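Got your viewer open? Load the model, get comfortable with the selection tool, and let's take a walk.

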Amino acid sequence: MTTTETSRVTAAHAPAEPVNQSWTPRLWGILAVLCAVLFLDALDVSMVGVALPSIGTELDMGTTSLQWIVNGYVLGYGGLLLLGGRTADLLGRRRVFLIALGVFAAASLVGGLVDNGTLLIITRFVKGLAAAFTAPTALSILTTTFHGPARIRALSVFSIFGASGYSSGLILGGLLTSAGWRWTFLTPVPLALAALVVGLLLIPKDRKAEEGGHDIIGAVTLTAGMLLAVYTVVSAPDRGWTDPLTLLSVVVAVALLAGFVFAETKVRHPLVRLGILRVATIVRANLSIIALFGSYLSFQFMMTLYLQDVLHWSPLRMAMALLPVGLIVAAVSPFMGNLIGRFGTPKLITSSMVSLSLGYGWFLLTAGDHPDYLTTIFPTMILLGGGFGFGFSSIMAQATDGIEDSEQGLASGLVQTSGQVGAALVLAVVTALVATDGTGDGGGFAPFHPGVNLVTAVGLVGLALNVVPLLTRRRQGAHA
């Protein structure tokens, strides 16, 4: 469900383009390839989420291990996202896109064949790494291939495929998991290979950047620091927070992340120019995306386990229960540009956080041990769908509003990285809470209660971050 605007859409990319670009069969084919890859990214996330309980049963993986199937992908994607866009500029967008797509297909194939939980997690991390290169490169290819009104139309179609991929993944995940969870990994393989072949034939070659460099130190320290931080959070409840190994992990994780910040101030071509964080709206957008992604990803993880492992719902029934979220996001996405222009991002983001918080709060109040679908789950999904649908595009717009063209890629890549990495940390804490209380038959909803309390608190923090500045501006306006 993510798109990453990492390309710098400047005159250098589109010199003297015609006002009305002709939609040739080749252009349609290129757009189809780019949309297919975004569709696959979203499809993969939702399909695997549905399959988690079945994977845990067959491979004997507990709650703590299962969260790594989600977080392995999220951290691989978020940790190298900024590097992915930069690599495409340096080595050529077409080359990076096709290589990463091939790696994605290979990792999907291996993930569907392994019989070991650790190997499965590794394949998920590799797929996340591949997506960190395909996602920004796909958008970069789109914005440098399409010009004028054609670009706006192409971007609209591109965004819709992300939302529809998530919705389709829920349904397909339910159907495929009923036949065997491995199909959720194997199904993307032929689709990715088909996109690879068509992309090889249609995507035009492009030149490498004449100058520039990689921030390898920044990429390594950020990814390693976040991986170790998540590992520390999920392993500490069993080992103990005062255990020497836990304390050592904390120290090393902090040192790695501090090393990332230090490196960004010293290297010639940093992943993140830290000065951009002096803009209050950008900081607020990055924190808001953490609240949005972190709370919803964690809530869906708990719902997947609760409905299938505790209430013994079938994978398809569970997927259909969560489907309203994806349908609402897909329905709202095409209209977000007009809504942002009319109401502005602060009001829409605040409304999003209100909807999210109400959704989590309603579930807490009405779930009990056997929640009724019509009175508990369905209203919750409607509220969460509205929160995500109105929030994602608004946050992305706020994160890039007023930024120079030369730093549009940095700003949009930064907010996507914050969302992925922040979601991984929130999910790690939620997993630790759930694993501490334990799950399984007879436990009802009680083991998940602390986790839902946490995601509700995260949603409320996101609401406070946005409603306070909004009220302050209104008060200042009234005084003026």
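Here is a tour in stops, each starting with something to select. One thing to know before setting off: this is a predicted model.

**Stop 1: helices 2 and 4**

Select residues 63-91, which are helix 2, and then 117-145, which are helix 4. Their axes come within 6 Å and cross at roughly 30 degrees. Angles under 35 degrees count as roughly parallel, so helix 2 and helix 4 are roughly parallel to each other. Turn the view and you can check the handedness too: helix 2 passes helix 4 in a right-handed crossing. Now show the side chains where the two meet. That contact has 18 nonpolar, 8 polar and 2 charged residues.

**Stop 2: a pair of tyrosines**

Stay on helix 2 and pick Tyr73 and Tyr77. How are the rings of this aromatic pair arranged? They are stacked, with 6.4 Å from centre to centre and 5 degrees between the planes. Tyr73 and Tyr77 are 4 residues apart in the helix, so about one helical turn separates them. If you like hunting for rings, a search of the whole structure turns up 13 aromatic pairs.

**Stop 3: the second largest pocket**

Next, select Leu222, Ile290, Leu414, Ser418 and Val421, the lining residues that lie nearest the centre of the second largest pocket. The pocket has a volume of about 510 Å³, and 22 residues line it. Which helices should you colour here? Try helix 8 (216-239), helix 9 (244-264), helix 10 (280-310) and helix 15 (408-437), each of which supplies at least two residues of the lining. Helix 15 gives the largest share, 7 residues. Colour the lining by class and you get 18 nonpolar residues, 4 polar ones and no charged ones.

**Stop 4: helices 10 and 11**

Keep helix 10 from the pocket and add helix 11, residues 315-332. These two pack at an angle of about 150 degrees, with their axes 10 Å apart. Parallel or antiparallel? Helix 10 and helix 11 are roughly antiparallel to each other, because the cut-off for that is anything over 145 degrees. Their crossing is right-handed.

**Stop 5: helices 12 and 14**

Finally, select residues 336-343 for helix 12 and 373-400 for helix 14. The axes of this pair come within 10 Å and cross at roughly 70 degrees. That makes helix 12 roughly perpendicular to helix 14. The crossing of helix 12 and helix 14 is right-handed.

Technical notes: Residues are numbered from 1 along each chain as its sequence is written. This is a predicted model: local features need pLDDT of at least 70, side-chain atom pairs count only at pLDDT 80 or more; totals for chains, interfaces and linings use all residues. Side-chain values use heavy atoms; hydrogens and water are left out. On a 1 Å grid over the protein atoms alone, a cavity is a set of points where a 1.4 Å probe fits but cannot get out, and a pocket is an open set with protein on both sides within 12 Å along at least five of seven lines; lining residues have an atom within 4 Å of a point. Grid points are joined across faces, edges and corners, and a volume is the space filled by probe spheres set on the points. Ala, Val, Leu, Ile, Met, Phe, Trp, Tyr, Cys and Pro count as nonpolar, Asp, Glu, Lys and Arg as charged, and the others, Gly among them, as polar. Axes are lines fitted to C-alpha atoms, for helices over the stretch in contact, and angles run from 0 to 180 degrees between N-to-C directions. Angles under 35 degrees count as roughly parallel, over 145 as roughly antiparallel, 65 to 115 as roughly perpendicular and the rest as oblique. A crossing is left-handed if the near helix is turned anticlockwise from the far one by less than a right angle, and right-handed if clockwise. Rings of Phe, Tyr and Trp (its six-membered ring) pair if their centres lie within 6.5 Å; planes under 30 degrees apart count as stacked, over 60 as edge-to-face and the rest as tilted.
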